[in-house]
Amino acid sequence: MTGVEPIDIKEKIQAANAEAFNRIVSADPVLVDIRPAGEVVPGLEDRMVLHSGPPVEWRNMSGAQKGAVIAMAIFECWADDIQSAEELLSGGGIKLESNHHHDAVGPMAGTISKSLPVYVVENRAYGNRAYCRLVEDQQQFGNYHTEAIDGLRMWRDVWAPSLGQGIRHMGGLSLKPIIAKALQMGDELHNRPNAASAIFAGAMGVPMIESGVTTTDLTSTLSYISGHDLLFLGLAMASAKSAADSARGIEYSTVVTAMARNGYEFGINVSGLDGDWFTAPAPAIDGLYLPGYGEGDGGFDMGDSAITETVGWGGFALGGAPGILSLVGGTPEEALNYSREMREITTGLSPDYSIPALGFEGTAVGIDIRKVAASGTLPIIDTAIAHKNPGHSIIGAGLVRPPMVCFHNALRAFAAKYGLG
Amino acid sequence: MESKTAIDKLLATPVAAINLGVEDFADNLESQGAWVVHVNWTPPAGGDPEIIAILDKIL
Amino acid sequence: MITESALLENRYFDSVFLMRVSKRLSEQPGINYAAMVMGTPKNVQILADAGYEGIDSLGASSNDLVVSLKADSVDAAQEVINSLEKFLVRDTNKVATETKVRTIDQALTQQPDSNLAVISVPGEFAAREARQALQNGLNVFLFSDHVSIEDELALKQTAAENGLLVMGPDCGTSIVGGVGLGFANAVRKGPIGVIGASGTGTQEVTALAHRWGSGISHAIGVGGRDLSDDIGAISTLQVMDALDKDPNTAVILLVSKPPGSKTLALVNERIAACSKPVVTCYLGSEKGLFPDSNNVTTTHNLDDATTAAIRLAGGMRVDEGNDITPESIQRERLKLKDNQQYVRGVFAGGTLCYQAQQVLRDAGLSAHSNEPLDKDKLLADSLVSVGHTLVDMGADEFTEGKPHPMVDSTQRVERILAEALDPEVAVILLDCILGYVASDDPAGEIASAIAQAKRTAKQRADELSVVVSVCGTELDLQGLDGQVALLEEAGATVFKSALQAAQYAVQLVAKKD
């Protein structure tokens, strides 16, 4: 038994976590623009590529992330081909920084550079902004071939400007209602944002027409957004980032404000320990593979998309997403259990985002590192799988949990910072 | 009359137990018609004493 | 390796489901790789790129299901293709699993009226869980052992401050309002309230009280160290208060090892103030060391304690009787050779072992043990008997990482057979404990060992006496009569009192006058 019970610190943590929880659930994300990253993302320099996960040096980067960074170098015309891009990168000619250090997130390799348009999402409850790049199934998985980079070019030249014009015309698009509806339509907003994507596509047609987007661009953009099931993931991620960032830096809070992976390391941020990453080697994913690929091909866990789980979506909302149940290898009941299980490691239930299959109860929000360590229950993340080598598109999908070491290290740091020797 | 403590209440009301550990004990209570919830217990913090010591101070 | 493909027209499945089926197909014998996709042009191309040959020739459309297997042989591939339908059945009848409760908090959400935590987690974590239970307003039945005396004291102090009770640590037995916790016998309700600082001692007195016509209001374990001066009888005094107030309790029976001297004064003071008569049984003490005092009837063994409690509750002990007569004892003695001098006890119940040592000591026999009455009788090696030896097989050295002998008799069986090899052994003294959580067939587990022990002795022309006490009631699931019969058939002399069994064993080896 410990002698003196420091009730005081428990109360401080309780209050700090309540504050963090309230900020996350009261976030009001609004898509205000789509702009080239160089114009809007704070601190993004020329010859810099932002990437997913905690900071990582070029030599340690996973194969898929290297491939994606090479693609960005070609996309930005800093290099003419794969080989020269590689030489430029290994010579340190391009700065590499973590998205999360720039209020940004990106799916899988998560690469963002100056010319790539990003969603600009403003959290109107707190006043902060967050940024996320487009979601596709090639370049972000490390594919650096021309057809993959062509997708980014179309986004840069046609789709993003057209959508941005429509967004500005309508004065911004509130995302909270779309997210709430989608969660009740079988989405978990990470691997399955289909309903949200459809709602978003439906909302964009008229404003683009009204704002005078040319017929050619309109046709191209509408056929892009109406045929892209994962379209909304980028918006879900930006929304989640804007919510999670508002909960950063609350002294004494043990709530997780980011979970991010780069294929090399899994890292978490904790509100009361802002500025520090708590990392461990990225885990392998328990998943299913597309034809032609198998377990030996998969890279380790990668991407900023676990920001959705950080605010209570994704794996935390699996119980409400029967469409991807076979992905989690089981029955609806098992998926519901994932969602129920997450309640034991979180601070509270969302008042706004609810799941019909769970009796319209809210999703579990505010991962508490104390509860994770005490219960041994790790957050559940559903995710896609990239190849271990550069040059491939998506190869599979599955479930993953963070390494416990991240949470233990965070607790040690918490004890050190707050004098619990 | 003295006020009733939790012990007095325990002796005066049916057993409603929370079982941590050996599952047989929960089965046994259930077979006697007592109420019981079995906790699927695992060592806290994977049994890491340093982390347990921290958790004891802050959780 | 060959590639074999097939087409199922107009069968649509989602890609994620097909990925799962593909994985299962690839796990079939003789199959190296399997692909199952809808036949869209893109998918057909992907398969071709991945080296699945001959897909083009199938002529698949987007609504057709394509399966392609890379296999060791055509036969292996065909076998899977012929049984494709069974792989395409979705698991709809998988049993739904409830979310498992993993913390006390969650359990309380499910059962808000909980009044007790039953804790049997490993000792190093037990105090922590007990503390959390107390913080949540729960009484604690702490079965776990290896809890430090400091933790025990802190837990009991916290509990007492909040009007909560800690039963234990190392608490084997309680009966709360007729419900047995841990190892307990099924007994009728009645006027006797038991406070037990020992597990099998509590079992023995509650079973005896039942069989002798009385019954138990509550039997509350407090842990073997509660009456030491380190703890100061915190739980004992709390239970005394509660039983004093309890309308169903007429007499209080306290079973323990001798208390510390300061604690004895505390306990006696409380007993003097008690509105109900109190019987104490401090096992292991020298006879007469604890005289009757104000409101206390002092007894020296579990049978006398139970008898006194029944009488003070206004009842009469219903005697069961047995076939033992001075003549039968004499007959049994005559079978023993002169060099057969020793009693070897192999016990599952620690308190029953302790009481048996006391019986030997009172008869002037010196008994060794791994849990001795007197320190100088400690066995140098628990595995090796010397002279009269009574072993507690439930002690730490036997249960570390192994099941308790009340649950599994394997180690006891080995020890019984080992004792039978010693020609100086006259009597093997055993106990057989029935009740909740104990083995389904404790008598059956030792019966064949008893028979074999007797045969072993016979092979060297010895008669080996085996004496067993059964602790249990006819309400116990194992069936008292059937268990007794099994032991008797194996050649044992059976008692339903551990005291009587020990006394009988002593009579068999007592020096001739």
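The legends below describe several close-up views of a predicted model.

This is a predicted model, in which local features need pLDDT of at least 70 and side-chain atom pairs count only at pLDDT 80 or more, while totals for chains, interfaces and linings use all residues. Residues are numbered from 1 along each chain as its sequence is written, chains are lettered from A and ligands numbered from 1 in the order in which they are written, and side-chain values use heavy atoms, with hydrogens and water left out.

**View 1. A salt bridge between Lys114(A) and Asp46(A).**
Over all chains, the structure holds 47 salt bridges, each being a side-chain nitrogen of Lys or Arg within 4 Å of a carboxyl oxygen of Asp or Glu. In the pair shown here, the side chains of Lys114(A) and Asp46(A) meet at 3.0 Å, N to O. Lys114(A) is in the loop between strand E4 (104-105) and strand E5 (117-123) of chain A, and Asp46(A) is in the loop between helix H2 (37-40) and strand E2 (48-51) of chain A, so the salt bridge ties together parts that are 68 residues apart in sequence. Helices (H or I, at least four residues) and strands (E, at least two) are DSSP runs, numbered from the N terminus. Lys114(A) counts as partly exposed because its relative accessibility is 31%, and Asp46(A) is partly exposed too, with a relative accessible area of 46%. In these legends, buried means under 20% relative accessible area, exposed means over 50%, and partly exposed lies in between (1.4 Å probe, protein chains only).

**View 2. A salt bridge between Arg59(A) and Glu57(A).**
The closest N and O atoms of Arg59(A) and Glu57(A) are 3.1 Å apart. Arg59(A) has 60% relative accessibility and therefore counts as exposed, whereas Glu57(A), with a relative accessible area of 46%, is partly exposed.

**View 3. Glu152(C) and Arg225(C), joined by a salt bridge.**
Here the closest N and O atoms are 2.7 Å apart. Glu152(C) lies in helix H7 (residues 149-161) of chain C and Arg225(C) in the loop between strand E10 (216-221) and helix H9 (234-245) of chain C, so this pair ties together parts that are 73 residues apart in sequence. With a relative accessibility of 1%, Glu152(C) counts as buried, whereas Arg225(C), at 31%, counts as partly exposed.

**View 4. The surroundings of Ser198(C), in a loop of chain C.**
Ser198(C) is found between strand E9 (189-196) and helix H8 (199-211), and this residue is buried because its relative accessible area is 17%. The side chain of Ser198(C) reaches the backbone nitrogen of Gly201(C) at 3.3 Å, and a polar contact of 3.0 Å joins the side chains of Ser198(C) and Thr351(C). A polar contact is a pair of N or O atoms within 3.5 Å; within protein, one must be able to donate a hydrogen and the other to accept it, and residues adjacent in sequence count only if both atoms are side-chain atoms.

**View 5. Asn191(A) and the backbone of Thr383(A).**
Asn191(A) sits in the loop between helix H6 (176-183) and helix H7 (194-210) of chain A. With a relative accessible area of 19%, Asn191(A) is buried, and a polar atom of its side chain lies 3.5 Å from the backbone oxygen of Thr383(A).

**View 6. A patch of negative charge on the surface of chain C.**
The patch gathers Asp170(C), Glu371(C), Asp396(C), Glu397(C) and Glu400(C). Patches are made of residues with over 30% relative accessible area and no salt bridge, with like charges joined within 9 Å and nonpolar side chains (Val, Leu, Ile, Met, Phe, Trp, Tyr) within 5 Å. One of the patch residues, Glu397(C), lies in helix H14 (residues 396-399) of chain C and counts as partly exposed because its relative accessibility is 42%.

**View 7. A nonpolar surface patch around Val384(C).**
Leu383(C), Val384(C) and Val386(C) make a nonpolar surface patch of about 270 Å², where accessible areas come from the Shrake-Rupley method with a 1.4 Å probe. Val384(C) belongs to the loop between strand E15 (367-368) and strand E16 (388-392) of chain C, and with 44% relative accessibility this residue counts as partly exposed.

Conventions
Lys and Arg count as positive and Asp and Glu as negative; His and the chain ends are not counted. The place of a charge is taken as NZ of Lys, CZ of Arg, CG of Asp or CD of Glu.
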